[in-house]
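Student: Could you show me how to read helix packing, enclosed space and backbone geometry in a model, taking the general idea before the case at hand?

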Amino acid sequence: MRVPLSWLREHVELPADVTGRDLAARLIAAGLEVETVESAGHDLTGPLVVGRVLEIEELTGFKKPIRYCRVDVGNAEPQQIICGARNFAEGDRVVVALPGSELPGGFKIGARKTYGRMSEGMICSVAELGIGDDHSGILVLPGEPEIGADAIELLGARDDVLDIAVTPDRGYALSIRGVAREAAIAYGVPFHDPAEVKPPEETETSHPASIADPTACDRFVLREIRGFDPSAQTPMWMRVRLHRAGMRPVSLAVDVTNYLMLELGQPLHAFDRAKLTGEIVVRRARAGEKLETLDHVTRTLDPEDILITDASGPISMAGAMGGLATEIDEESTDIVIEAAHFDPVGIARTVRRHRLHSEASYRFERGVDRELPLRAAYRAAQLLVELGGAEFVPGVTHAEAPAEQTVITIPADHPDRVAGVRYGRDTVVRRLTDIGCTVAGDDELTVTPPSWRPDLVDPNDLAEEVIRLEGYENIPARPPRPVAGQGLTADQRRRRRVGRALAAAGYVEALTFPFTSGKDLDDLQLPADDGRRRTLRVANPMSEDEPLLRTTLLPGLLKALARNAGRGCGDVGLFEMGLVFRPRPDAPAQAPRLAVDRGPAPEEIASVNAALPDQPLRVAVVLAGEREPAGWWGQGRPASWADAIEAARTVARETGAELTVAADRHAPWHPGRCAALYVGDTLVGHAGELHPRVIAAYGLPPRTSAMELELSRLAPPAPVRAPHVSTYPPATQDVAVVVDAARPAAEVEAALREGAGELLESIRLFDVYTGEQIGEGRKSLAFTLRFRAPDRTLTAEEAGAARDAAVAAAAERTGAVLRSG
Amino acid sequence: MSASNQSYDPVEVSILKPDEVDRMRAQALQAIAAAANLEELKRARLDHMADRSPLALANREIGALPPAARADAGKRVGAARKAVAQALQDRQAELEEERDRNALAQEAVDVTLPWDRAPRGARHPVTTMQERMTDVFVSMGFEVAEGPEVDAEWFNFDALNIPLDHPARSMQDTFWIAGQDGPDGSNQSGQSGQSGQSGQSGQSGMVLRTHTSPVQIRALLSRPLPVYVVSAGRTFRSDEFDATHSPVFHQMEGLAVDEGITMADLRGAIEAFVRGMFGEGLRTRFRPSYFPFTEPSAEVDMECFACRGASTDTGGRSCRTCDSAGWIELGGCGMVNPRVLVACGIDPDRYSGWAFGLGVERTLMFRHGVADMHDMVEGDVRFTLPFGMEI
């Protein structure tokens with residue numbers, strides 16, 4: 001809502017020295033979010049005067065026709081002025097910027113020679129004066145303002161305009177009337193209600209009308225004027241105000257309805273009486289009905305749409321936009337003015353259904369004062385009579401349906417208990433009265449909100465009014481009282497540990513968007529029946545290219561990796577921890593919307609949750625380039641499948657889990673370089689080098705590797721049991737065994753470990769060798785076994801026996817042969 | 001050693017003459033001092049302190065002196081031997097130190113050589129900022145509550161007093177989840193949540209949560225009263241993606257529901273939060289505002305931690321953190337709307353509560369001078385690395 005200060009001043013007796021900025025600060029403190037204060041025309045300096053064009057001399061021979069005008073500005077001699085516009089005639093009154101004046105934007109006017117003549121000033125357009133958008137021609141002043149009069153004053157060219165972002169609860173502030181009332185309360189000065197007009201007592205009715213659906217509309221008012229002069233011009237003051245408020249002047253009849261909507265908050269509609277057929281009825285649409293609206297769109301109506309109809313059918317979308325067929329035009333002389341009160345929800349639905357947002361619907365959705373229609377219609381008629389030479393037609397049509405009056409009962413100290421401040425009953429009553437409530441009672445207050453505050457429904461709504469007007473700044477701060485919380489849960493701590501561990505291992509966290517696409521799933525080479533292809537779709541995605549919700553973290557990370565590589569950081573490891581979205585095959589099609597007037601039963605909550613997808617927490621790592629760079633110390637080391645698997649182990653370690661690794665074939669990994677990751681028998685994820693086709697599809701560096709595992713499948717860490725630390729010396733034994741080349745080292749190690757028994761402290765694979773000495777299809781694995789007893793120094797015999805037992809177990813389970821020599 | 005000979009004339013034992021002992025001593029000391037290295041010192045030790053050295057021989061002859069002369073000669077020779085031994089020890093230490101010094105000097109390296117072999121990692125500042133914020137509340141005894149990112153409309157809107165067709169619903173540009181009418185749900189066409197609907201609801205009844213507030217509802221439904229929780233996480237709005245807005249962002253929210261909670265408690269909690277996050281002595285201010293789930297509602301500003309309001313004085317230096325406004329918009333807050341309590345089955349006549357929420361990215365922007373939202377979502381390691389492990 002754009003509010004010119006001058007307009008506001010008409011209705012509130014603000015002290016003369018109050019500026020737009022002062023007022024903004026007060027209104028902000030009261031809860032109206034003033035976003036900007038625009039200082040309009042303050043850089044405008046005179047002399048700027050009303051002139052009358054005496055004589056026009058047409059100059060030719062230039063690129064465009066030019067006029068040399070003699071203009072009477074009230075001096076002895078007329079001014080000689082060059083003008084390029086052609087929309088005026090001799091005798092017209094215009095605004096002349098005399099030499100020495102300055103127009104908005106620092107445009108200085110002087111006497112100068114142009115087009116071969118001396119030009120003593122400029123004839124101005126509204127755009128040049130900063131009071132309109134039209135720069136197609138100069139401003140021809142309507143009426144007969146005095147020659148030589150100060151045009152700045154006459155036009156209201158200097159003003160402050162407050163732009164207020166009105167919150168949805170404060171529909172009343174979408175009007176000069178509502179803002180003026182707040183300003184009056186803020187300054188404690190008198191308010192003059194622009195709606196305070198007394199329509200005459202009338203018994204006759206105007207154009208016939210009725211309400212067929214009382215849930216759609218509970219007040220419908222029609223009033224007529226006749227003999228309107230369609231050529232009548234909107235006065236300058238009204239045009240300037242409309243412009244300042246952000247609306248474009250159109251024609252007097254339209255401007256008057258817009259002006260009153262801005263001033264009062266009551267949207268109005270004007271019908272050409274000659275185009276109406278029979279009684280007007282407010283009703284819902286019927287199936288198949290159509291209406292061509294003012295924007296030349298023919299709309300198929302929904303049975304829920306609220307319509308204004310006559311004998312011919314629909315003639316207007318109630319509260320949103322008029323119909324083309326009954327529109328007033330440049331020949332309309334008899335006008336029927338509609339002012340009504342529609343159901344906010346009904347208007348809201350119509351507006352969204354038809355995407356028909358308008359200034360009128362915006363106000364109806366947020367609640368219009370139900371007591372305005374009679375007054376607003378009367379004022380509209382008055383203005384059209386006064387400004388458009390129309391004849392006032394006595395009689396008013398007033399159809400209405402009963403409306404419920406809200407009454408709120410609160411303990412007088414309710415605001416005190418909400419704020420933690422002692423206001424006392426008198427303050428509470430005074431503040432509620434300030435905003436227009438009727439208050440009765442002592443300890444228990446019965447509060448009737450004013451008609452313009454349909455948002456006041458609950459006790460806390462009233463509390464807020466009292467507290468904001470008494471000043472939020474006066475609420476004290478009570479230090480928090482400590483409560484007995486349990487701290488982070490094991491799961492929450494684990495997530496932090498995993499993040500720190502991966503960062504410590506040299507991975508950089510990324511938080512990518514969880515949106516993905518069918519192309520991503522294809523690029524990952526996922527088979528048709530892969531579970532990750534079962535996705536949720538966003539109905540209105542940010543980009544049509546990525547309408548799906550991710551079922552794997554990898555696409556986002558891979559794109560981030562490619563982006564880093566593209567920006568010259570190709571040696572990079574990234575990780576992400578986040579949710580993926582897996583629809584449940586047995587989920588109901590729709591999550592139910594439960595009641596809100598009571599707490600839901602556990603089974604109701606369960607029914608809502610059952611519709612939601614599974615949203616497990618995953619962690620993923622991607623890496624490429626050099627994991628360790630070459631340097632003065634020697635060779636570097638490329639990132640590889642082994643790093644990816646080790647990253648998974650890093651994660652598992654933080655959860656106290658031991659990861660078992662087994663070869664697997666699983667997209668998007670390289671079929672020969674893919675590990676399935678298990679904890680016990682539970683598959684928790686995969687790691688390895690990506691499939692070359694995936695690498696190509698995402699434009700990744702060669703040998704890009706990745707790991708993804710589902711943290712939700714890992715149990716939270718159990719407390720660590722302290723090991724017994726033996727102080728006896730270890731006995732170390734190296735063994736090399738030869739196995740089939742395809743035999744996983746992990747199996748050999750597991751067999752050795754098991755065979756070695758309790759004396760084994762640690763086992764470590766330190767070499768893998770293939771070559772002629774070993775034989776085709778075989779490999780040699782060399783391990784260091786470290787033995788130690790908790791209670792004694794081991795003898796060579798004991799250590800040797802344990803080693804032999806280890807080798808025997810490996811031989812039995814993996815066919816390992818002790819390597820000779 | 002020869003037996004004592006009491007008749008022996010001491011004068012005859014020339015080796016024990018005082019002059020002779022002094023000479024031997026001086027000779028030894030000179031040789032020791034002249035030893036340029038440990039090898040030469042070893043030779044000097046053999047020459048002057050070993051069993052066959054003159055002083056050792058002289059010492060052996062003392063017994064040959066008459067008893068009256070023995071004490072005097074013994075004292076003289078002993079002192080000389082002691083001085084020589086001391087000199088040897090000192091010179092030994094000197095030379096050893098010199099040897100070590102030389103050896104270590106040879107092993108010197110260029111310590112300015114880089115050792116960037118191990119890759120460096122970092123956590124995302126949005127993650128660490130969320131943790132930092134929640135920790136301030138956890139230190140006050142709050143627990144961390146969590147909820148899903150795809151949530152039901154009922155949790156995201158209805159239960160939070162954002163009814164269907166209320167303008168408040170369109171304050172938040174919502175990503176709607178499409179209905180699952182295909183057999184596999186994916187790659188189906190058409191059927192957006194907006195067609196044939198009011199645009200304020202989707203066919204599936206699910207949304208990408210527009211705020212962390214549905215977590216409040218879940219906490220109130222699942223926890224015994226009183227409830228003191230904080231939640232942080234990813235939220236979604238179908239906004240344009242520009243330098244200051246991202247369709248995917250993060251919020252943190254605190255909630256307290258107990259008997260006798262007032263706006264004074266809310267202010268106190270926010271002041272404690274500001275102290276915990278930004279340091280002592282910063283004022284906060286409330287501006288009336290509107291959120292459907294709180295009533296009364298307020299926007300919270302905090303005094304700019306960078307200029308502490310000084311930039312607003314005439315002549316004060318301009319402040320980039322607050323644009324010289326002196327205040328920074330922190331977030332929104334208010335008293336939990338009793339309608340929300342009712343929807344959670346809580347008696348609003350007995351219990352009241354406050355809620356406070358703020359944007360994680362926004363906080364990073366003003367606290368750390370992040371200029372462009374894109375930096376926070378692109379995963380460029382150059383942006384994230386400097387933030388390290390904690391913020």
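What follows is a conversation about helix pairs, domains, cavities and backbone features.

Tutor: Before we begin, please keep in mind that this is a predicted model.

Student: How is a pair of packed helices described, and what are the angle and the distance between the axes for α2 and α4 of chain B?

Tutor: In general, two packed helices are described by the angle between their axes together with the distance between those axes. In this model, helix α2 of chain B, residues 38–49, packs against helix α4 of chain B, residues 67–106, at an angle of about 170 degrees, and their axes are 10 Å apart. That angle makes α2(B) roughly antiparallel to α4(B).

Student: Which residues of α2(B) and α4(B) meet?

Tutor: On the α2(B) side they are L38(B), L41(B), R45(B), H48(B) and M49(B), and these meet R81(B), V84(B), A85(B), L88(B), R91(B), Q92(B), L95(B), E96(B) and R99(B) of α4(B). Sorted by class, the contact of α2(B) with α4(B) has seven nonpolar, two polar and five charged residues.

Student: At what angle do α5 and α11 of chain B pack?

Tutor: Helix α5 of chain B, residues 125–139, and helix α11 of chain B, residues 360–368, pack at about 95 degrees, with their axes 10 Å apart. The two helices, α5(B) and α11(B), are therefore roughly perpendicular to each other. From α5(B) the contact takes P125(B), V126(B), M129(B), Q130(B), R132(B) and M133(B), while α11(B) contributes V360(B), E361(B), T363(B), L364(B), R367(B) and H368(B). By class, this contact of α5(B) with α11(B) has six nonpolar, three polar and three charged residues.

Student: Which domains are assigned to chain B?

Tutor: The assignment gives domain 1, covering 10–106, and domain 2, covering 125–149 + 209–387. Taken over C-alpha atoms, the centres of domain 1 and domain 2 of chain B are separated by 85 Å.

Student: How does one find empty space in a structure, and how many cavities of 30 Å³ or more are there?

Tutor: The general idea is that rolling a probe the size of a water molecule over the atoms shows where empty space is left. Here the structure holds four cavities of 30 Å³ or more, and the largest cavity has a volume of about 130 Å³.

Student: What lines the largest cavity?

Tutor: It is lined by 15 residues, of which G171(A), Y172(A), S175(A), L264(A) and D369(A) lie nearest its centre. Helix α5 of chain A, residues 176–187, gives the largest share of that lining, three residues. Domain 1 (2–42 + 160–187) and domain 3 (209–400) of chain A each supply at least three residues of the lining of the largest cavity, which by class has six nonpolar, five polar and four charged residues.

Student: Which residues line the second largest cavity?

Tutor: The second largest cavity holds about 60 Å³ of space, and its lining includes L511(A), T512(A) and F513(A) as well as H124(B), V126(B) and R234(B). At least two lining residues come from each of β5 (248–259) and α12 (374–377) of chain B.

Student: Where in chain B are the cis peptide bonds at P226(B) and P296(B)?

Tutor: The bond from L225(B) to P226(B) is cis, with omega near -5 degrees, and P226(B) lies in the loop between α8 (213–222) and β4 (227–236) of chain B. Another cis peptide bond joins E295(B) and P296(B), with omega about -5 degrees, and P296(B) is placed in strand β7 of chain B, residues 294–303.

Definitions and conventions. Residues numbered from 1 in each chain as written. Chains lettered and ligands numbered in written order. Predicted model: local features only at pLDDT ≥ 70, side-chain atom pairs only at ≥ 80, totals over all residues. Heavy atoms only, no water. Axes fitted to C-alpha atoms, helices over the stretch in contact; angles between N-to-C directions. Helix = DSSP H or I, 4+ residues; strand = E, 2+ residues; numbered from the N terminus. Parallel < 35°, antiparallel > 145°, perpendicular 65-115°, else oblique. Contact = heavy atoms within 4.5 Å. Nonpolar A, V, L, I, M, F, W, Y, C, P; charged D, E, K, R; others polar. Domains from an automatic or database assignment. 1 Å grid on protein atoms, 1.4 Å probe; cavity = no way out; pocket = protein on both sides within 12 Å on 5 of 7 lines; lining within 4 Å. Points joined across faces, edges and corners; volume = space filled by probe spheres on them.
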